[in-house]
Amino acid sequence: MSDPTPEGLPRRDFLGVSLAAAVLVTSSATAAPPSGPPASRGGHYVPQRAPLRPVPFQKLPPGAIEPRGWLAQQLELQVNGLCGRYDEISDFLVYDTNGWVDPALGAWEELPYWLRGFGDLGYVTGDTGVLTRTQRWMDGILATQAADGWFGPERLRTSLENGPDFWPGMPLLAAFRSWYEYSGDERVIPFMTKYLRFQNTQPPEVFNRSWGAFRWGDNIDSAYWLYNRTGEQWLLDLVTKMHNGSADYVHGIPTWHNVNLAQGFREPLQYWLLSGDAEHREATYRNYATVMGLYGQFPGGGYAGDENSRPGFGDPRQGFETCGIVELMHSCEMLTRFTGDVAWTDRCEELAFNSLPASYDPRQQVMHYITCANSVQLDDHPKHGQFQNAFPMGSYKYGVHQYRCCPHNYGMGWPYYVQELWLATTDNGLAASMYAASKVTATVGTGETVSVVQDTEYPFSDTITFTVQTQRPVRFPFYLRRPGWAHDASVKVNGEQVRTTGDWMKVERTWHPGDRVELKLPMRTTTRVWSDNHDSVSVDRGPLTYSLQIDERYERIGGSEAWPELSVYPESPWNYGLVAGASFDVVRREGGDNPFTQDGVPLALTTQAQRIPQWETDTEDVVGLLQQSPALSEQPVETVTLIPMGAARLRITSFPQVSAKGEEWIYRTRITASHVNDGDSLEAPDSGRTPESSADTSIPRFTWWDRRGTTEWIEYDLREVRELSSVSAYWYDDTGSGQCRVPESWRVLWLAGDTWRAVENTTPYGVAPDQLNTTTFAPVRAQHVRVEAALRPTYSGGLLLLTFG
């Protein structure tokens, strides 16, 4: 079924190898990506000052790129939707009561997150309402700077062990930079200089506290930006202080918080721009490979991080936080500019087309915290077998206080994407880095200003046309990125084929008004086999990943007409496996204004599939865990429709394969309990994982925390009547670090009709830590079984493994 690349590797493996190989690229000062622009200190935009390493690309100023087509439509939805109007409903964004404009008041990351994306939304759309409100905030915040350089809420000066909390200022520095590049506001450079000088006076321990310790890469980027404009050497000393104080991403993974990782994994490579030490560059590639290898084993571009990435929680029903989506996009955009490695650009497109649109409702009024590759119901209930946090994560809300960070932060996704579509090159040219209908105006050649119009329906079309607009002939190099999946890319100039090679296809010539370049990126339908997720498969066509089309029913569960809170329920079957070896047919539709909706998407695929009855939701309506493929199904073969993942709010994207020679799936046990801690898993004791000890935190666990000294139970519906004569319990006990202990006593009960009865003639009920405690009893025939535990006084308890024999 898998359609390998010409190199014989599945698409996923090909991209992984390209990243690994990039680590081996020479780190000499003149190194450049194959066929790409040279890494140099040239170019018409702000170059890298020595001793910073030269880079191949420069970012164009906000406003240089005009979005068109579907991208402009997404931005219009954003202007009129959650990001563009969030200050109407978020109490964190009230100007008159905000600590970022009145330092006597309180505030933290919410305004910085929102303003970063909101301002850039105005710069790329030109919306006057957004621009006017952005300027008001900029004027207000710039006016708060104290004599020593500090700005914003005074209480943040001493909020971390009597020292400053620098984290929430980091997104604001990015907002100031964009504002300066757009407006030329002369206050910004001295403002940032004074603030960073204040940072440079702080003792080393200040740099290794709280969220900022994991996110110094953001501040390093601002220090480089300022250094390249002022040349003040102390800024490089500050960069070294930030790197030395940063959580150590050079020698491993210091955090498994999904957003920390999305921002922080790039920090070593950013420092490499100053240090020149290959170890730093390689650490970023290694960290990325580690995270994706452990937790990125499903489509959509992200990884399992429902707050933290956790051992045992890598099934495609796990999800990626919306903050993580946009932060990882931003990291990939930066790394493209620093390295020229197109694998980063490919990853950014994969996130943008497949995960980002799925994170909000079709009108961009509301969003959810977590986006999953497999998700068949979005309701407002906690999920103890799936997600880590206590609050529900799946329903669509404006989420001021429920989702908090994500609705304030998501707005940078599309505006930043627009600004990275085109890049200036250090050899005085232009590069089409990512593709979408747009118009760029930039300085090239010996100083001439040109515009290039990009006409395309990409990623829904494989043809991209560029039209050069210039007053007179001008010579400059024009680079076109070849995506990792596009092995048969071709380029024509004014209808004539041009021979190009490499990841950045270069066309250098004297350009005349009206010259046209046609880029063809033939898209084949291929599959990826996810061997680390039971050999499940996903379906790709070009940069788009396809999901099962499930009929969706939206139900308003709160809010108002303008700001509804929504649950989404399936109205058609979803438990399909794809027939191994089946072909895919492309179906073109008329489409609509918004291609990231079921009604508006212009492309679909059809293929053959069979239902797998044993694949069900669990007791909390979460799609069941995958089992091994290929699966055996005796259901009739059906033709099913697949649509792009970004257009499917409910979706199956990682499919089982089905085959007549497949394995029969089992009906999974349904588990309930008298209580379960919101951060634990109902399904953990049924995972089959053998703990290393009773305090093993490397595998999922079930606990009754914070019930203490009570009698609690966990119940198994075995799905069929079985003869049972033993139960084995591996108790959770975190002595030395927590308040869970082995229970005082326990017993086994079985349901006889409507009555719970204790099993008889038992051997002792053991409560020893660090081992399975097995009790045997007179055989019973039962489908429903309970383990009842009497918790120790003042302590709680839990289970790591529970088996029946």
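Let's start at one residue: Arg 404 counts as partly exposed, because its relative accessibility is 35%, which falls between the 20% limit for buried and the 50% limit for exposed. This is a predicted model, and Arg 404 is a good place to enter it. The residue sits in the loop that runs between strand E4 (370–372) and helix H16 (405–409). Its backbone deserves a look too, since phi of Arg 404 is near 50°, a positive value in a residue other than glycine.

Asn 494 invites the same kind of inspection. You will find Asn 494 in the loop between strand E11 (490–493) and strand E12 (496–498). Here again phi is positive, near 50°, in a residue other than glycine. With a relative accessibility of 40%, Asn 494 counts as partly exposed.

Now step back to the whole chain. The protein chain holds 17 helices and 31 strands. For 805 residues, a compact globule would have a radius of gyration near 28 Å, and the protein chain agrees because its own value is 28 Å. Along the principal axes, the C-alpha atoms fill a box of roughly 95 × 65 × 55 Å. Of the 805 residues, 61% count as buried. If you look at contacts with a separation of 6 or more, 73% of them are between residues 24 or more positions apart. On the outside, the chain exposes about 27900 Å², with carbon and sulfur atoms supplying 46% of that area. As for charge, the mean positions of the 68 positive and 97 negative charges are 4 Å apart.

How far can you trust what you see? The chain averages a pLDDT of 94, and 96% of the residues score at least 70. The start of the chain calls for care: pLDDT stays under 50 over residues 1–18, for which the model has 46 contacts beyond four places in sequence. Residues 20–32 also stay under 50, and there the model has 20 such contacts. Where pLDDT is low, the predicted coordinates should not be read in detail.

With that in mind, turn to two helices. Helix H12 (residues 267–275) is mostly covered, with eight of its nine residues buried. Among the buried residues are Tyr 271, Trp 272, Leu 273 and Leu 274. What do they pack against? The buried residues of H12 meet helix H9 (216–230), helix H10 (234–245), helix H11 (258–264), helix H13 (278–295) and helix H14 (322–339). Just after H12 comes Gly 276, with a positive phi near 75°. Helix H17 (residues 413–420) has eight of its eight residues buried, so it is largely enclosed by the rest of the structure. The buried set in H17 includes Trp 414, Tyr 416 and Tyr 417, along with Gln 419 and Glu 420.

The loops hold a few more details. Pro 459 is found between strand E8 (448–456) and strand E9 (463–469), and the peptide bond leading to it from Tyr 458 is cis, with omega near 10°. A cis peptide bond also joins Ser 629 and Pro 630, with omega at about 0°. Pro 630 lies in the loop between strand E22 (603–611) and strand E23 (638–644).

Ser 629 leads us to a last stop. Its C-alpha atom is 9.7 Å from that of Ala 580, although the two are 49 residues apart along the chain. Ala 580 has its place in the loop between strand E20 (576–579) and strand E21 (585–588), and at 37% relative accessibility it counts as partly exposed.

Note on methods
Residues are numbered from 1 along each chain as its sequence is written. This is a predicted model: local features need pLDDT of at least 70, side-chain atom pairs count only at pLDDT 80 or more; totals for chains, interfaces and linings use all residues. Side-chain values use heavy atoms; hydrogens and water are left out. Helices (H or I, at least four residues) and strands (E, at least two) are DSSP runs, numbered from the N terminus. The radius of gyration is taken over C-alpha atoms; the globule rule is 2.2 Å times the number of residues to the power 0.38. Buried means under 20% relative accessible area, exposed over 50%, partly exposed in between (1.4 Å probe, protein chains only). Contact means heavy atoms within 4.5 Å. Accessible areas come from the Shrake-Rupley method with a 1.4 Å probe; for residues, only the protein chains shown count as cover. Lys and Arg count as positive and Asp and Glu as negative; His and the chain ends are not counted. The place of a charge is taken as NZ of Lys, CZ of Arg, CG of Asp or CD of Glu. pLDDT is the predictor's confidence in each residue, from 0 to 100.
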